Amino acid sequence: MDPQQTVCPNPDCPASGQVGEGNITSHGRKRPRYHCKVCQTTFSLRQGTPFYRRRTPEQLMTQVITLVGHGCPIPAIEAAFGLQPRTVRAWVAARQHTQAIQAHLVEQPCDLHQVQADEIRVKTQPGVLWMAIALMVSTRLWLGGTVSRQRDGALIYRLAQLIWRCAVIAPLLLVTDGVASYPTAFGRLFRTAQPTGQRGAPRRVPWPHLNMVQVIKDRRGAVGMVSRLVTGTGARNRALLRTTPGCAVASTAYIERLNGTFRGRLACLARRTRGLARQAETLTHGMYLVGTIYNFCRFPQSLTTRDRQPRTPAMAAGITNHRWTVHELLRYRVPPPRWQPPSRRGRRSKRLQALIDRWLHNDHH
């Protein structure tokens with residue numbers, strides 16, 4: 001890898017999170033390492049990845065994590081590769097790396113157009129858990145999810161916060177099921193401050209072009225679906241539906257398909273299985289592993305272009321220009337946040353002020 005495309009992993013380094021500033025050089029021949037000329041830190045290219053400080057070949061670890069991300073139970077992997085149970089579970093615990101990738105690349109403000117949200121009931125050894133997820137319909141991009149022991153307002157509010165972080169103030173259609181907490185959660189979050197010029201906190205008003213539709217089962221006679229417009233107008237609702245090909249009416253069809261993908265690729269989500277999850281963290285890490293592989297490494301048939309070019313959801317959303325392999329996903333290093341100078345009372349020293357002028361007030365950023 002080009003040292004100019006590598007960032008210093010030291011969060012206390014003034015050059016932290018900055019690329020192409022000439023502070024990274026190659027260090028070592030037998031074992032390639034890198035050196036930061038600002039903080040004098042040496043680091044491996046594996047640092048910040050699941051392969052860091054592992055003696056096992058990367059190919060074997062990639063194969064194992066790929067199988068886990070496609071629904072293979074861990075006991076089957078242990079029997080096939082002759083690995084110790086604690087070894088496989090230690091590799092699987094590194095799945096939180098994908099959660100950082102999701103937060104860095106996907107949870108960024110953009111024009112979502114239409115979002116569908118739903119919940120999945122998960123049976124685990126300690127009891128029932130609920131997993132709430134959200135999908136951007138136009139690109140089939142999985143936005144993220146959250147896990148809770150109860151299907152309550154706190155679960156829905158955390159999911160609404162995730163969608164709010166990904167959205168910009170633009171016409172938006174939110175389609176959910178009939179859970180009563182959705183209108184309350186979205187109504188609290190999707191607001192903007194309206195300054196009045198008076199003292200006190202500004203008034204917060206709802207987004208002007210926000211539409212919300214709840215799809216509810218109608219059990220009178222033959223079971224069907226009824227759409228209920230909670231926020232917005234019918235004309236705006238129809239206009240937002242026309243922006244997404246294949247969406248003639250408001251429904252949760254696409255998020256239901258994604259639910260099937262999660263159930264098929266995450267072993268503990270199978271309806272009848274003995275491989276139940278033991279902790280909520282296990283379900284969360286598995287959800288992000290399957291979700292990031294779906295976003296970056298899979299070609300949904302519905303995203304194929306007219307000239308028969310397949311696309312991943314991340315490609316359709318403009319996050320990347322090619323299909324990632326699982327090994328590339330695991331090797332991706334999430335850059336640390338930009339350096340923030342320490343807060344001290346009194347006048348700053350000349351050395352600290354020089355670092356601030358160089359790394360925070362430069363013209364490159």
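Met136 counts as buried, at 6% relative accessibility, in this predicted model. Its place is strand β5, which spans residues 128-136. If you look past the neighbours within four places in sequence, Met136 is in contact with Asp111, Leu112, Gln114, Leu141 and Leu143. For a sense of scale across the fold, pick out Leu289: the two residues are 153 apart along the chain, and 18 Å separates the C-alpha atoms of Met136 and Leu289.

**From Met136 to the cores**

Leu143, one of the contacts of Met136, is a good next stop. Beyond four places in sequence, Leu143 is in contact with Gln102, Val106, Glu107, Leu112, Val115, Ala134, Leu135, Met136, Leu162 and Cys166. Which residues have the most contacts inside the largest nonpolar core? They are Met131, Leu143 and Phe190, in a core of 81 residues. Helix α9 supplies the largest share of this core, with nine residues. There is also a second, separate core of 13 residues, and Cys8, Tyr34, Cys36 and Leu352 are among its members. In soluble globular proteins, nonpolar side chains tend to be buried together.

**Two helices with a buried side**

Leu352 brings us to helix α12, residues 350-359, where the buried residues are Leu352, Leu355, Ile356 and Trp359. Why do these residues lie on the same side of α12? They cover an arc of only 100° around the axis, and that puts them on the same side of the helix.

Helix α6, residues 181-189, can be read in the same spirit: Tyr182, Ala185, Phe186 and Leu189 are buried there. Their arc around the axis is only 90°, so they too sit on the same side of α6. What covers the buried residues of α6? The cover includes β4 (114-123), α5 (153-166) and β7 (172-176), along with β8 (191-194), β9 (203-206) and β10 (210-218).

**Aromatic rings**

The model has eight aromatic pairs. In one of them, the ring centres of Trp142 and Tyr288 are 5.2 Å apart and the planes stand at 65°, so the pair is edge-to-face. This pair links distant parts of the chain: Trp142 is in strand β6 (residues 141-148) and Tyr288 in helix α9 (residues 280-297), 146 residues apart. Both Trp142 and Tyr288 are buried.

Phe190 and Trp207 make another edge-to-face pair, with 4.9 Å from centre to centre and 80° between the planes. Phe190 belongs to the loop between α6 and β8, and Trp207 to the loop between β9 and β10, so this pair ties together parts that are 17 residues apart in sequence. Phe190 is buried, with a relative accessible area of 1%, and Trp207 is buried as well, with a relative accessible area of 7%. Ring pairs also draw in helix α6, in that Tyr182, Phe186, Phe190 and Trp207 are linked into a cluster.

Rings also meet arginines here, and the table gives two cases to find in the viewer.

| Arginine | Ring whose face it lies over | Distance from the ring centre |
|---|---|---|
| Arg323 | Phe299 | 4.5 Å |
| Arg358 | Trp359 | 3.9 Å |

Trp359, in the second row, is one of the buried residues of α12.

**Two more residues to visit**

Is Asn259 buried or exposed? Asn259 is buried, with a relative accessible area of 6%, and its place is in helix α8, residues 253-265. Not counting residues up to four places away in sequence, Asn259 touches Asp118, Ile120 and Ile133.

His322 makes a nice contrast in setting: it sits in the loop between α10 (313-316) and α11 (326-331). At 33% relative accessibility, His322 counts as partly exposed. Its side chain and that of Asn321 are joined by a polar contact of 2.9 Å. Leaving aside neighbours within four places in sequence, His322 is in contact with Met315 and Glu328. Thr312 offers one more reference point: His322 and Thr312 are 10 residues apart in sequence, and their C-alpha atoms are 8.0 Å apart in space.

Conventions: Residues are numbered from 1 along each chain as its sequence is written. This is a predicted model: local features need pLDDT of at least 70, side-chain atom pairs count only at pLDDT 80 or more; totals for chains, interfaces and linings use all residues. Side-chain values use heavy atoms; hydrogens and water are left out. Buried means under 20% relative accessible area, exposed over 50%, partly exposed in between (1.4 Å probe, protein chains only). Helices (H or I, at least four residues) and strands (E, at least two) are DSSP runs, numbered from the N terminus. The arc is that of the directions from the helix axis to the C-beta atoms. Contact means heavy atoms within 4.5 Å. Rings of Phe, Tyr and Trp (its six-membered ring) pair if their centres lie within 6.5 Å; planes under 30 degrees apart count as stacked, over 60 as edge-to-face and the rest as tilted. A charge sits over a ring if NZ of Lys or CZ of Arg is within 6 Å of the ring centre and within 35 degrees of the ring normal. A polar contact is a pair of N or O atoms within 3.5 Å; within protein, one must be able to donate a hydrogen and the other to accept it, and residues adjacent in sequence count only if both atoms are side-chain atoms. A nonpolar core is a set of buried Ala, Val, Leu, Ile, Met, Phe, Trp, Tyr and Cys residues joined through side-chain atoms within 4.5 Å.
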